[in-house]
Amino acid sequence: MNLQEIQSDNFLDARGLSCPMPLLKAKKNLKNMHSGEILELWGTDPGTKNDLSDYCKRNNNEFLGYLDLEEGYTKFYIKVG
């Protein structure tokens, strides 16, 4: 799957937030989404990579991956299970 071509259904800007806030905000957003929808999260905390991946494994969501951008933040993609 080419992450650069994903069309997200919901967007969350968590840039500037540190652990655990990006994960907490993602969990809140995911609760309001339907199965098959995709959340795009922007973040700057390096710990978010592991946090989101681990959370998805435990909660029946699919961690599609992330893109590290030259602009200094990361785009994460999660598909609701």
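How many aromatic pairs does a search of the whole structure find? In this predicted model, the search of the whole structure gives 4 aromatic pairs. One of them joins Phe63 and Phe76, whose rings are tilted, with 6.5 Å from centre to centre and 40° between the planes. This pair links distant parts of the chain, since Phe63 belongs to strand β3 (residues 62-68) and Phe76 to strand β4 (residues 74-79), 13 residues apart. A second tilted pair is formed by Tyr66 and Phe76, at 5.9 Å centre to centre and with 50° between the planes. Here Tyr66 lies in strand β3 and Phe76 in strand β4, so the pair ties together parts that are 10 residues apart in sequence. Phe76 thus takes part in a pair with Phe63 and in a pair with Tyr66.

The accessibility of these three residues was also computed. Phe76 has a relative accessibility of 1% and counts as buried. Phe63 is partly exposed, with a relative accessible area of 21%; because buried means under 20% relative accessible area, this residue is not counted as buried. Tyr66 is likewise partly exposed, at 35%.

Elsewhere, ring pairs link Phe11, Trp42 and Tyr73 into a cluster. Tyr73 also has a charged neighbour: Arg15 lies over the face of its ring, at 4.8 Å from the ring centre.

The strands that carry several of these residues belong to a sheet. It is an open sheet of 4 strands in the order β1-β2-β4-β3, with mixed pairing. Strands β1 and β3 are the edge strands, each pairing on one side only. On average, neighbouring strands of the sheet are turned by 15° against each other, direction ignored.

Strand β1 (residues 10-14) and strand β2 (residues 38-43) run parallel and are joined by 5 bridges. Within this pairing, Asn10 stands opposite Leu39 of β2, and Asp13 has Trp42 of β2 as its bridge partner. The two strands, together with helix α1 (residues 21-31), make a right-handed β-α-β unit. Strand β2 is also paired with β4; these two run antiparallel and are joined by 6 bridges. Glu40 has Tyr77 of β4 as its bridge partner, while Gly43 is bridged to Thr74 of β4.

How is β2 placed with respect to the rest of the structure? Of its 6 residues, 6 are buried, so this strand is largely enclosed by the rest of the structure. Both faces of β2 are covered. On one side Ile38, Glu40 and Trp42 are buried, and on the other side Leu39, Leu41 and Gly43 are buried as well. Trp42 therefore combines three roles in this description: a buried residue of β2, the bridge partner of Asp13, and a member of the ring cluster with Phe11 and Tyr73.

A second helix is placed against the sheet strands. Helix α2 (residues 48-58) lies across β2, β3 and β4 and runs at about 165° to β3.

Conventions: Residues are numbered from 1 along each chain as its sequence is written. This is a predicted model: local features need pLDDT of at least 70, side-chain atom pairs count only at pLDDT 80 or more; totals for chains, interfaces and linings use all residues. Side-chain values use heavy atoms; hydrogens and water are left out. Two strands pair if DSSP finds at least two bridges between them. A crossover is right-handed if, with the strands pointing away from the viewer, the path from the first strand over the helix to the second runs clockwise. Rings of Phe, Tyr and Trp (its six-membered ring) pair if their centres lie within 6.5 Å; planes under 30 degrees apart count as stacked, over 60 as edge-to-face and the rest as tilted. Buried means under 20% relative accessible area, exposed over 50%, partly exposed in between (1.4 Å probe, protein chains only). A charge sits over a ring if NZ of Lys or CZ of Arg is within 6 Å of the ring centre and within 35 degrees of the ring normal. Axes are lines fitted to C-alpha atoms, for helices over the stretch in contact, and angles run from 0 to 180 degrees between N-to-C directions. Contact means heavy atoms within 4.5 Å.
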